[in-house]
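Good morning, colleagues. Please bring the sequence and the structure up on the screen, and I shall take you through the strands and then the helices.

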Amino acid sequence: AITGRFEDEGWRRRKDGTLFWANVIFTAMRNSKGKLLGFSKVTRDITDKRQAEEKLKLALDHMERRVEERTLELSRSNIKLKEAVQTRDEFLSIASHELRTPLTPLKLQIQGLTRQLRNKTLLNLPEERTLRIAQSCERALTRLSTLIENLLDVSRLNSGRFQLNLEEMDLVALIQ
């Protein structure tokens, strides 16, 4: 070497025949005039260091695989969450439409009754007509109540607070 120094790492054999990983440095020895006198050789056993480095590399490889696995799991979870959000949005759209359906006739009936009360013409309505208006309002309110209870059941199911009470039932009677 130009600098008069050479360094290498590799397997070496001890006098007893066992192998070890070594760091070897050869250095040219010169006198004050620069004349080559010979070489010095320093050999250090770095087997423990190499084993520690290999263990570290294995640990890093394992960690990289775990990170890849977790990233894949998170990616799958993210897809499921997006699907859940889309399902929720679709459900909310349908639920709001279903809630609006009975509200419209109810609102119209109540507006009509209010107008007739203001004009004092409600008293002139036939009893049969007044009864139909009241029944229509009652049906709309019942449908709204049912829809709201169904929504609450879904909420209870999702939160784990929904409880089923199992009872025996005569299926023949139910079908008839």
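Let me begin with a question: which residue in β3 does Ala22 stand opposite? In β3, Ala22 faces Asp45. I should say at once that this is a predicted model. The neighbouring pair follows the register: Asn23 has Arg44 as its bridge partner in β3.

These pairs belong to an open sheet of 3 strands, ordered β1-β2-β3, with antiparallel pairing. β1 and β3 are the edge strands, each of them pairing on one side only. From one strand to the next, the twist averages 25 degrees.

Let us take the two pairings in turn. Strand β1, residues 5-13, runs antiparallel to strand β2, residues 19-30, and 9 bridges join them. Within this pairing, Asp8 has Val24 of β2 as its bridge partner. The hairpin of β1 and β2 has 5 residues between the strands, and Gly17 there adopts a positive phi near 95 degrees.

The second pairing joins β2 to strand β3, residues 36-45, again in the antiparallel sense and over 9 bridges. Here too a hairpin is formed, with 5 residues between β2 and β3, and Gly34 in its turn has a positive phi of about 90 degrees.

I would like to pause at one residue of strand β1, namely Arg12. Is Arg12 buried, partly exposed or exposed? Its relative accessibility is 25%, and therefore Arg12 counts as partly exposed. Leaving aside residues up to four places away in sequence, Arg12 touches Thr18, Leu19, Phe20, Ala22 and Val24. Of Val24 one may add that 12 residues separate it from Arg12 in sequence, while the C-alpha to C-alpha distance is 9.5 Å.

I turn now to the helices. Helix α1 spans residues 47-118 and helix α2 residues 127-159; their axes come within 9 Å and cross at roughly 160 degrees. Because of that angle, α1 is roughly antiparallel to α2. The crossing of α1 past α2 is left-handed.

Which residues make this contact? On the α1 side they include Phe91, Ala95, Leu99, Leu103, Leu106, Ile110 and Leu113, and on the α2 side they include Ile133, Ala140, Leu144, Leu147, Ile148 and Leu151. Also among them are Glu98 and Gln109 of α1, together with Ser136 and Arg143 of α2. By class, the contact comprises 16 nonpolar, 3 polar and 2 charged residues.

Thank you for your attention.

Technical notes: Residues numbered from 1 in each chain as written. Predicted model: local features only at pLDDT ≥ 70, side-chain atom pairs only at ≥ 80, totals over all residues. Heavy atoms only, no water. Pairing = 2+ DSSP bridges. Helix = DSSP H or I, 4+ residues; strand = E, 2+ residues; numbered from the N terminus. Axes fitted to C-alpha atoms, helices over the stretch in contact; angles between N-to-C directions. Parallel < 35°, antiparallel > 145°, perpendicular 65-115°, else oblique. Left-handed = near helix turned anticlockwise from the far one by under 90°. Contact = heavy atoms within 4.5 Å. Nonpolar A, V, L, I, M, F, W, Y, C, P; charged D, E, K, R; others polar. Buried < 20%, exposed > 50% of the residue type's maximum accessible area, 1.4 Å probe, protein only.
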